[in-house]
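Me: I'm new to this structure and would like a close look at a single part of it. Could you walk me through the nonpolar core and what sits around it?

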Amino acid sequence: MTSRDVRAVGVFTALAVALAWLVALPLWWGDGLASRWFTLVAAAMMATPAIAALVVVFLVERPRHKTLTLGLWPLRPVRSLIGYAVLGIVVSIALVLVALPIGALLGVYPADFVNFSAFRQVLAEQAGAAEIPIPIGALVVIQLAVLPLAAFINLIPALGEELGWRGWLLPKLMPLGTLPALLISGVIWGLWHAPLVLLGYNYPDAPGWLGLTAMVGMCVLVGAVFGWLRLRSGSVWPAALAHAAFNAAGGTYLLFARAGEQVDTTQATILGWSGWIVPLALVVILLAKGQFAPRALGISAEPAPSGPSSSTGSTRR
């Protein structure tokens with residue numbers, strides 16, 4: 001990486017983190033996660049990496065092909081792009097779901113895969129005295145079946161993050177080597193969540209430092225999977241759809257939990273260590289097979305040439 005690249009990464013990181021804290025301040029000054037503004041604040045916070053990336057691309061680097069640098073364009077080859085997009089949705093949902101039986105086998109996830117007692121309890125509380133007209137098993141199937149559709153519904157907020165993390169940051173770090181790039185981008189992504197995690201988001205029963213550490217661990221591994229989609233497709237869109245599907249599937253652990261039991265998310269679900277086993281194995285396999293070799297990362301972030309003797313932009317490897 002050149003000194004200019006390092007400066008750009010520093011500006012991007014500082015801006016993304018500072019904006020995240022700025023957006024989250026109303027929660028810290030108010031009722032925390034119980035605030036009526038939480039959903040709006042969380043959605044706004046997801047846009048901060050995109051804002052940081054756009055500022056760096058348009059004001060700091062000013063590359064010739066900005067949409068290419070961000071991974072937004074071109075949308076080709078179409079067949080390959082669609083394939084990776086579908087793969088991103090399927091893999092993300094699968095990683096979230098497979099974490100549950102693994103956690104149950106390891107004794108850290110209180111599961112009820114037969115009677116869905118926790119889900120049944122939630123439905124009963126919502127319905128009151130009314131009888132639920134659909135069998136509980138059918139409701140679970142419906143919840144799972146709509147997850148791919150939910151990925152498209154969640155796409156825009158997820159793109160707000162992915163445009164920064166995988167669209168711009170990961171390719172910029174690739175000159176350091178694949179593993180350092182994945183680790184650094186994953187750690188930055190995880191720490192960026194601090195304004196919410198330190199309030200108890202995702203890890204409500206853990207001390208702040210433990211919740212944030214767990215978040216970083218999860219972001220490194222899951223971020224590596226999203227990074228694979230970005231690098232192999234040459235586009236940010238498959239990673240954004242994978243992120244959207246991941247967010248949509250995140251709450252499915254409530255469908256299969258046992259009523260009356262607390263779920264420790266530092267240990268169970270995709271958020272906890274037992275849920276990292278499969279994504280870790282997947283990332284190791286992808287690394288061993290050389291699957292992180294970039295297909296097309298975009299044009300080098302050099303400013304447009306000022307004269308005929310200036311060198312042209314080169315593809316960044």
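**A look inside the core**

Reply: Let's start with one residue, W165. Leaving out residues up to four places away in sequence, W165 touches F12, A16, P49, L170, I188, W189 and W192. Keep in mind that this is a predicted model.

W165 belongs to the largest nonpolar core, which has 75 residues. Along with F12, W168, L169, Y203, M218 and I270, W165 is among those that touch the most other members. Helix α12 supplies the largest share of this core, with 13 residues. There's also another core lying apart from it, made of 16 residues, including L100, F119, A257 and A268.

Now for α12 itself, which covers residues 208-233 and packs against α14, residues 277-288. Their axes are 9 Å apart and meet at an angle of about 40°, so the two helices are oblique to each other. The crossing of α12 past α14 is left-handed. On the α12 side, L221, A224, V225 and W228 make the contact, and they meet P279, L280, L282, V283 and L286 of α14. Sort the residues of that contact and you get nine nonpolar, no polar and no charged.

Just one more stop: F256, found in the loop between α13 and α14. F256 is buried because its relative accessible area is 11%, under the 20% cut-off. In sequence F256 and Y109 are 147 residues apart, yet their C-alpha atoms are 9.5 Å apart in space. Setting aside neighbours within four places, F256 is in contact with several residues, among them L97, L100, Y109, F113 and L144.

Key: Residues are numbered from 1 along each chain as its sequence is written. This is a predicted model: local features need pLDDT of at least 70, side-chain atom pairs count only at pLDDT 80 or more; totals for chains, interfaces and linings use all residues. Side-chain values use heavy atoms; hydrogens and water are left out. Axes are lines fitted to C-alpha atoms, for helices over the stretch in contact, and angles run from 0 to 180 degrees between N-to-C directions. Helices (H or I, at least four residues) and strands (E, at least two) are DSSP runs, numbered from the N terminus. Angles under 35 degrees count as roughly parallel, over 145 as roughly antiparallel, 65 to 115 as roughly perpendicular and the rest as oblique. A crossing is left-handed if the near helix is turned anticlockwise from the far one by less than a right angle, and right-handed if clockwise. Contact means heavy atoms within 4.5 Å. Ala, Val, Leu, Ile, Met, Phe, Trp, Tyr, Cys and Pro count as nonpolar, Asp, Glu, Lys and Arg as charged, and the others, Gly among them, as polar. A nonpolar core is a set of buried Ala, Val, Leu, Ile, Met, Phe, Trp, Tyr and Cys residues joined through side-chain atoms within 4.5 Å. Buried means under 20% relative accessible area, exposed over 50%, partly exposed in between (1.4 Å probe, protein chains only).
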